[in-house]
Amino acid sequence: MLEHGGAVNAAAVRYGRPAEEWLDLSTGINPHAYPVPALDPECWRRLPQDDDGLEAAARAYYGSQDLLAVAGSQAAIQALPGLLPPGRVLLLSPSYAEHAAAWKRAGHALRFLDAHAGNGELEAAAAGCDHALLCQPNNPTGTRFARERLLALAGSLEQRGGVLVLDEAFIDGTPEDSLAEACGRPGLVVLRSLGKFFGLAGARVGFVLAEAGLLSALRETLGPWTLSGPARAVARAALADHAWQAAMRLRLKNEGERLAALLREHHLGQPQGTTLFQWLPHARAAAIHEALARRGILVRLYDQPPGLPSLRFGLPGGEAAWTRLAAALEQLENSNAI
Ligand SMILES: Cc1ncc(COP(=O)(O)O)c(C=O)c1O
């Protein structure tokens, strides 16, 4: 099993501090989660219904007709590579590590592009590959690729019988960057998640947007009732709640900028990221991670790729959490740990 953020219980044991005293900034999950409505008790008793309105709400939200609900985008990340013809796949490094593991497990050959090489080298790197898997924006570096380039890339992979898979788990704050509406053609697959922007990671809901043939193969592989009835009900409400979405986009934009400013203020370099997290390459990343953990603040430490240690900070969920983070960074700076 690969390492993920959010392991507060393990940190509690390791540092001898009860879980409820931790400030967990180790994920990119929105701390202001969608307020889950009261659910019809029937959704616990009945088998999940395909015609309960979830897919209709998702089609409207994503602007795409061909989609499949999955138990978190992780379910699709694991299953999709096995449904595509084996070949060479281009991935970014560093990126969400589950992708590389899944493509490798399915027998594809991996090729990596430095996430900092960015737009310029994408086409050249992809020229020797059959498929490409990109997180847009990338987790953890925040790298984004221009839409036109991605569309052109999908077109050229498609001509070779390959596919561009775009993991848009962190795109809901900037939907204008999404390629969701361009899905339905053979060369493009988009993965979406309700775990990040909507803050519903525990519900395990995601969507795959792709051409109908691939979706039906995926549906066969995953089997029936992949989402529970309660998860479907909550996801349908969240996807249809445009007022909440619009307000949350503004709020997260402000908070993302506030977090970047706080890290800069404490001389932690130039953070990059999305509204939901900020990523910092730092030579002393491990020492900073440890010093914060000793103060009950959990951030995500990356020791890959070698020679580029880095940290990822998620958003504090309220003023007390902001104050606690600011005070800890101040202490670190004064003690020359930074
Ligand atoms: C980039 C990215 N994609 C996908 C996922 C999986 O999310 P979920 O399965 O909750 O939709 C994660 C989880 O951290 C992620 O960071």
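Good morning. I begin with Ser-73, which touches Leu-191, Arg-192, Ser-193 and Gly-206, leaving aside residues up to four places away in sequence. The model in front of you is a predicted one. Ser-73 belongs to helix H4, residues 73-79. With a relative accessible area of 10%, Ser-73 is buried, because the cut-off for that term is under 20%.

I turn next to helix H3, which spans residues 54-62. Which residues of H3 are buried? They are Leu-54, Glu-55, Ala-57, Ala-58, Tyr-61 and Tyr-62. Viewed down the helix axis, these buried residues fall within an arc of 160°, and therefore they line one face of H3. As general background, an α-helix has 3.6 residues a turn, so residues three or four places apart point the same way.

What do the buried residues of H3 pack against? Their partners are three strands, S2 (67-70), S7 (188-193) and S8 (206-209), together with two helices, H9 (229-240) and H10 (242-265). After H3 comes Gly-63, and the phi of Gly-63 is positive, near 70°.

Let me now move to a pair of helices later in the chain. Helix H11 covers residues 285-294 and helix H12 covers residues 319-334. The axes of H11 and H12 come within 10 Å and cross at roughly 125°. That angle makes H11 oblique to H12, because angles over 145 degrees would count as roughly antiparallel and those from 65 to 115 as roughly perpendicular. The handedness of the crossing between H11 and H12 is right-handed. Which residues meet there? From H11 these are Ile-288, Ala-291 and Leu-292, and from H12 they are Ala-328, Leu-329 and Leu-332.

My last topic is the cysteines. A disulfide is a covalent bond between the sulfur atoms of two cysteines. How many disulfides does the model contain, if the two sulfur atoms must lie within 2.5 Å? The count comes to zero. Cys-129 takes part in no disulfide, and its nearest cysteine sulfur, that of Cys-135, is 16 Å away. At 2% relative accessibility, Cys-129 counts as buried.

Why is Cys-183 not bonded to Cys-135? The sulfur of Cys-135 is the closest cysteine sulfur to that of Cys-183, yet the two are 15 Å apart, which is too far for a bond. Cys-183 also counts as buried, because its relative accessibility is 12%.

That concludes my presentation, and I thank you for your attention.

Definitions and conventions:
Residues are numbered from 1 along each chain as its sequence is written. This is a predicted model: local features need pLDDT of at least 70, side-chain atom pairs count only at pLDDT 80 or more; totals for chains, interfaces and linings use all residues. Side-chain values use heavy atoms; hydrogens and water are left out. Buried means under 20% relative accessible area, exposed over 50%, partly exposed in between (1.4 Å probe, protein chains only). Helices (H or I, at least four residues) and strands (E, at least two) are DSSP runs, numbered from the N terminus. The arc is that of the directions from the helix axis to the C-beta atoms. Contact means heavy atoms within 4.5 Å. A disulfide is a pair of cysteine sulfur atoms within 2.5 Å. Axes are lines fitted to C-alpha atoms, for helices over the stretch in contact, and angles run from 0 to 180 degrees between N-to-C directions. Angles under 35 degrees count as roughly parallel, over 145 as roughly antiparallel, 65 to 115 as roughly perpendicular and the rest as oblique. A crossing is left-handed if the near helix is turned anticlockwise from the far one by less than a right angle, and right-handed if clockwise.
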